[in-house]
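Hi everyone, thanks for coming. I'd like to walk you through one model today, so let's put it up on the screen.

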Amino acid sequence: MNDFRSRVEGERAYLLRYASLQLRDPHAAEDAVQETLLAALAGEASFAGRSNLRTWLTGILKHKIIDAIRRLSRESTTMDLEDLDALFAEDGHWVDPPAAWSDPDASLEQKRFFAALEACLERLPQKIAQAFMMREHLGFETAEICKELAITPTHCWVLLYRARMALRECLEKDWFGKK
């Protein structure tokens, strides 16, 4: 096994974790990672070492994730928002306002925070998580998210807002509340 292949395969766990967060479907995530690894091995000559191997592989994976999201959105899934709707009163305000966070900047530096964030992301309904990950991790603009998820800009903003609020509540309970 050559050195490049071993280095590429050494990134598999990271890529799978990244794809799983984005796609929330273990089979689709595995497929995207496999396609990424195959593309990387086939394109070894195009990797000139100008960037970190993980960065290069993540770039390839992002394209595979976008393709998978397109496939999944065509298959259409229904979204259950009842759990998130229960957080807000009819006027749109919190039913129970979030508690003040003691020191989020210090917590952000800890690796455990990212594990808690990952767990919170996994609890979001699929379409909300997809919109959030497309915006925050893939850097999509609203128009791109709308096109990929077949939603209106207003719906996109609602999904992003709900994602942020659900993540905030989850992190308050599972991360900041444990301090």
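Before we look at any pair of helices, one cut-off: angles from 65 to 115 degrees count as roughly perpendicular. With that in hand, take α9 and α10, whose axes lie 9 Å apart and cross at an angle of about 100°. That angle falls in the range from 65 to 115, so α9 and α10 are roughly perpendicular to each other. Please keep in mind throughout that this is a predicted model.

Which residues make that α9 to α10 contact? From α9 we have Thr142, Ile145 and Cys146, and they meet Pro153, Cys156 and Trp157 of α10. Sorted by class, the contact of α9 with α10 has 5 nonpolar residues, 1 polar one and no charged ones.

Now let's stay with α10 and turn to another partner. Helix α8, residues 126-136, packs against α10, residues 153-174, at about 95°, and here the axes are 8 Å apart. This makes α8 roughly perpendicular to α10 as well. On the α8 side the contact involves Lys127, Ile128, Ala131, Phe132, Arg135 and Glu136. Facing them from α10 are Leu159, Leu160, Arg162, Ala163, Arg164 and Leu167. What is the class make-up of the contact of α8 with α10? There are 7 nonpolar and 5 charged residues, with no polar ones.

Let me step back to the whole chain. We are looking at 10 helices and 0 strands, so to speak α all the way along the sequence. Of the 179 residues, 39% count as buried. If you take contacts between residues at least 6 apart in sequence, 71% of them join residues at least 24 apart. The accessible surface is about 10600 Å², and carbon and sulfur atoms account for 52% of that.

On to the interior. The largest nonpolar core has 55 residues, and Leu23, Trp56, Leu61, Ile65 and Leu124 are those with the most contacts inside it. Helices that give two or more residues to this core include α1, α2, α3, α4 and α7, along with α8, α9 and α10. Which element gives the most to this core? That would be α4, with 10 residues.

While we are on α4, have a look at Thr58, which sits in that helix. Is Thr58 buried or exposed? Its relative accessible area is 9%, so Thr58 is buried. Setting aside neighbours within four places in sequence, Thr58 is in contact with Tyr14, Leu15 and Tyr18.

Finally, a few stops in the loops. Arg24, in the loop between α2 and α3, has a positive phi of about 60° although it is not a glycine. With a relative accessibility of 26%, Arg24 counts as partly exposed. Ala150 also has a positive phi, near 55°, and is likewise a residue other than glycine. You'll find Ala150 in the loop between α9 and α10, and at 67% relative accessibility this residue counts as exposed.

The last stop is Gly139, in the loop between α8 and α9. Gly139 counts as partly exposed, at 47% relative accessibility. Not counting residues up to four places away in sequence, Gly139 touches Met134 and Glu144.

That's my tour. Thanks for listening, and I'm happy to rotate the view for anyone.

Terms used
Residues numbered from 1 in each chain as written. Predicted model: local features only at pLDDT ≥ 70, side-chain atom pairs only at ≥ 80, totals over all residues. Heavy atoms only, no water. Helix = DSSP H or I, 4+ residues; strand = E, 2+ residues; numbered from the N terminus. Buried < 20%, exposed > 50% of the residue type's maximum accessible area, 1.4 Å probe, protein only. Contact = heavy atoms within 4.5 Å. Areas by Shrake-Rupley, 256 points an atom, 1.4 Å probe, with all protein chains shown as cover. Axes fitted to C-alpha atoms, helices over the stretch in contact; angles between N-to-C directions. Parallel < 35°, antiparallel > 145°, perpendicular 65-115°, else oblique. Nonpolar A, V, L, I, M, F, W, Y, C, P; charged D, E, K, R; others polar. Core = buried A, V, L, I, M, F, W, Y, C linked by side-chain atoms within 4.5 Å.
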